[in-house]
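Okay, thanks for coming, everyone. I'll put the model up and then talk through one helix and the pocket beside its name on my list.

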Amino acid sequence: MKLKIATAFIFIWIGCICAISFMEAWLKFRAPGVTLPIGLGIGRLVFGLLNKIEWVLLCITAFGIAETFSKSKKAIYTFSIAVIIVLLQTFWLLPALDSRAQNIIDGVAVSPSSHHFIFAIMEVIKVTVLFITGFNFLKHINNQS
């Protein structure tokens, strides 16, 4: 039962990432009246909250899959990649992007940075490994039935 719940939360997690990172992030800048500072302020709030939600989903998923390690090592290893990415985003990329956004909002000139591109690549990798993990768990659940 725990694995079924963990699997459901993996797909909820994928939905959150797709809705925010792949849709909201760039669409907000197309809305009338949204300036760069306003869009960056919104982005800081939204991505900060998404990161907190990801930690909740990660913990729920980890709790649900802990009992299956010996039966589904491939899925555990792929899930570990997502965990590493969330750690990197939380403690390195999001603080760097947040600081950069605040500087732009405050009118401070900033030099070019690859942080945003790295974050986007990590999001694609994270969604991919979560899909792989989720489908491996679905196969494991179906084999139990």
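**Helix α2 and the pocket**

So, α2 first: at 1.5 Å a residue, its 30 residues should span 44 Å, and the end C-alpha atoms sit 41 Å apart, which agrees. That expected span is 1.5 Å times one less than the number of residues, and helices here are DSSP runs of H or I with at least four residues, numbered from the N terminus.

Quick housekeeping: this is a predicted model, with local features needing pLDDT of at least 70 and side-chain atom pairs pLDDT 80 or more, while totals for chains, interfaces and linings use all residues. Numbering runs from 1 along each chain as its sequence is written, and side-chain values use heavy atoms, without hydrogens or water.

Which residues of α2 are buried, meaning under 20% relative accessible area with a 1.4 Å probe, protein chains only? Among them are L40, G43, F47 and N51. Their cover includes α1, α3 and α4, where contact means heavy atoms within 4.5 Å.

N51 has a partner: its side chain makes a 2.9 Å polar contact with that of T90, a polar contact being a donor–acceptor pair of N or O atoms within 3.5 Å, where residues adjacent in sequence count only if both atoms are side-chain atoms. T90 lies in α3 and counts as buried because its relative accessibility is 17%.

Now, α2 also gives the most to the lining of the largest pocket, eight residues. By class, that lining has 13 nonpolar, eight polar and six charged residues; Asp, Glu, Lys and Arg are the charged ones, and Gly goes with polar.

Terms used. Helix = DSSP H or I, 4+ residues; strand = E, 2+ residues; numbered from the N terminus. Buried < 20%, exposed > 50% of the residue type's maximum accessible area, 1.4 Å probe, protein only.
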